[in-house]
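Okay, thanks for squeezing me in. I'll put the structure up and then walk through a few spots in it.

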Amino acid sequence: MTPTIERGPEGGFAVGPIDGLLNLARKHSLWYLLFGTACCAIELMQTGGPRTDTDRFGMVFRSTPRQADVLVLAGTISYKMASRIRLLYDQMAEPKYVIAMGSCANTGGLFQESYAVVKGGDLFLPVDVYIPGCPPRPESLCEGLMLIQQKIEREPWLKKAWGKYKSDKPDPMPTEGCEPLR
Amino acid sequence: MNRQETSVVERLKSALGGKIQDVYEDGRGVVVRVELSAVPDTLEALRSDASTPFNLLADVTAVDWSRWSEETGMKPPPARFSLYYNLYSISATTRLFIEAWLEDGQAAPSATPFYASADWAERTVFDMFGIRFSGHPDLRRIYMPDDFEYSPLRKEFPRRGVDPQDFPQE
C-alpha cells in the first residue's frame, strides 16, 4: 500500500492507492495532545524537545483536543480525572489514537493500591500502544509514536470510512468506542 | 507549654469552664480536648482572643480508632472518631490543636461560620471518613467522584480499594 515516488520529466510524482497516499500524509502529521496528569508529562515534554526531535516526523503538540490525533496518557489517572480524560478523548476528531505511557497508565503502577487510582487507562479508553517504564525515556515514547505511525500505514482508512458511508448508518465516520460521556 | 500557650489555655478555661475535658501536650503541640458541642464556642473564643488571635485554621482532620484496641491491645478510645482542628496564630506564632470525639453517624458542628478555610477541609473529612458537618454550606465529596459510595480512610475499607468495575464505563 506504500506509494512509490517516481521521477518524471516535469518533477516527481507519487503512484499508489489513494489509501496509501492518505496514510502517508496522515502518519507524517501525527499531532499529539499536550496533556499530562503526572511525572510522565515531564518526559512527554522532553520528547517534544530538541534531543528526540519528534517534529522531524511531523509530530507536534497541540493544546486543544479538537486538533489532536493522539492522546498520550502520561501519568497516574485518578477516578475523577478519568472522566475528564474521557471528555478530552470524546472531543478529538476521528481517526484518533491512544498511547498508555508508563506503568501508571498501563496498570495503575506504583499507586495501584490506592483507592483513588484507576488500574489502567484501558479500563475506559481503547489503548493502541502500551509503553512500559516508570517513566519511559523519551526514546521509548518516540518509539511508541512510531508504532502508531506503522499502524496508520497499514490502515485501510478510506475504505473503512467509505464502507460506513455506504451502509445504512447515518454517520460516515466510524464511531465505535467513542460513546459520549454522560 | 510555653508562656503564651499557658496563658491562652488559662483564658480558654475561664471562658468555657467545664466544657474542656483535657489539656495535654504531645509531639504535635498543645491539644485541647473539648466536647463536640463546645467546638464552635472554642473556635470563636480562640479566634477573638485578645493577645493571641488564632486567625488561621490550617487543617481539619479526623482519625478512625475503630480497630485501635484490637490491634494494639490498649484501652479502647472514648469514641470511634476523633476530630482535630489545627489552629495557628500568625501574629503570635502559636499553634493549638482542638480535639473532639464523636461516634459514627454523629454530625459535627461546622467551623465554616468562623473560618472560611474550614470549607474544603471539612469536605475532605466528609469524603474520607463520612463524618457529616451540620451547618456546612456545600457538603459534597472533594477528592472522590460524586457517585463513589465508600469512605476510603475508614478502617473497614479494603486496602487495595474497591473493584475497578465500580468505575462507570462508557
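**Helix pairs and a few residues**

Let's start in chain A, where helix 1 (residues 18-27) packs against helix 5 (residues 138-153) at an angle of about 165 degrees, and their axes are 9 Å apart. Anything over 145 degrees counts as roughly antiparallel, so that is the label for helix 1 and helix 5 of chain A. Their crossing is right-handed. Who actually makes the contact? On the helix 1 side of chain A you have Asn23(A), Arg26(A) and Lys27(A), and on the helix 5 side Gln149(A), Ile152(A) and Glu153(A). Sort those by class and you get one nonpolar, two polar and three charged residues.

I should say right away that this is a predicted model. The predictor gives the complex an ipTM of 0.72, along with a pTM of 0.77. For chain B, mean pLDDT is 88, and 94% of the residues in that chain reach 70 or more.

Staying with chain A for a minute, the overall layout is six helices and seven strands. If you read along the sequence, the pattern goes β-β-α-β-α-β-β-α-β-α-β-α-α. How much of chain A is buried? Of its 182 residues, 43% are. And if you take the contacts in chain A between residues at least 6 apart in sequence, 73% of them join residues at least 24 apart.

Now over to chain B, which has a helix pair of its own to look at. Helix 1 of chain B covers residues 3-16, helix 2 covers residues 39-47, and the two pack at about 130 degrees with axes 10 Å apart. Why do we call that one oblique? Because 130 degrees falls outside the ranges for roughly parallel, perpendicular and antiparallel, helix 1 of chain B is oblique to helix 2 of chain B. The crossing of these two helices in chain B is right-handed.

As for the side chains there, helix 1 of chain B brings Val8(B), Leu12(B) and Leu16(B), and these meet Asp41(B), Thr42(B), Ala45(B) and Leu46(B) from helix 2 of chain B. By class, that contact has five nonpolar residues, one polar and one charged.

Let me zoom in on one of them, Ala45(B), which sits in helix 2 of chain B. Is Ala45(B) buried, exposed or something in between? Its relative accessible area is 23%, so Ala45(B) is partly exposed. Go C-alpha to C-alpha from Ala45(B) to Leu12(B) and you cover 7.1 Å, although they are 33 residues apart in sequence.

Next stop is helix 4 of chain B, residues 118-129, which is where you find Asp127(B). This one is an acid with a relative accessible area of 0%, so Asp127(B) counts as buried. What does Asp127(B) touch? Leaving out residues up to four places away in sequence, the list is Arg141(B), Ile142(B), Tyr143(B), Met144(B), Tyr150(B), Ser151(B) and Pro152(B).

Last one, Thr93(B). You'll find Thr93(B) in the loop between strand 4 (81-89) and strand 5 (94-102) of chain B. With a relative accessibility of 58%, Thr93(B) counts as exposed, because the cut-off for that is over 50%. In sequence, Thr93(B) is 41 residues from Thr52(B), and the C-alpha atoms of the two are separated by 8.5 Å.

That's my tour, so over to you for comments.

Key:
Residues are numbered from 1 along each chain as its sequence is written. Chains are lettered from A and ligands numbered from 1 in the order in which they are written. This is a predicted model: local features need pLDDT of at least 70, side-chain atom pairs count only at pLDDT 80 or more; totals for chains, interfaces and linings use all residues. Side-chain values use heavy atoms; hydrogens and water are left out. pLDDT is the predictor's confidence in each residue, from 0 to 100. Axes are lines fitted to C-alpha atoms, for helices over the stretch in contact, and angles run from 0 to 180 degrees between N-to-C directions. Helices (H or I, at least four residues) and strands (E, at least two) are DSSP runs, numbered from the N terminus. Angles under 35 degrees count as roughly parallel, over 145 as roughly antiparallel, 65 to 115 as roughly perpendicular and the rest as oblique. A crossing is left-handed if the near helix is turned anticlockwise from the far one by less than a right angle, and right-handed if clockwise. Contact means heavy atoms within 4.5 Å. Ala, Val, Leu, Ile, Met, Phe, Trp, Tyr, Cys and Pro count as nonpolar, Asp, Glu, Lys and Arg as charged, and the others, Gly among them, as polar. Buried means under 20% relative accessible area, exposed over 50%, partly exposed in between (1.4 Å probe, protein chains only).
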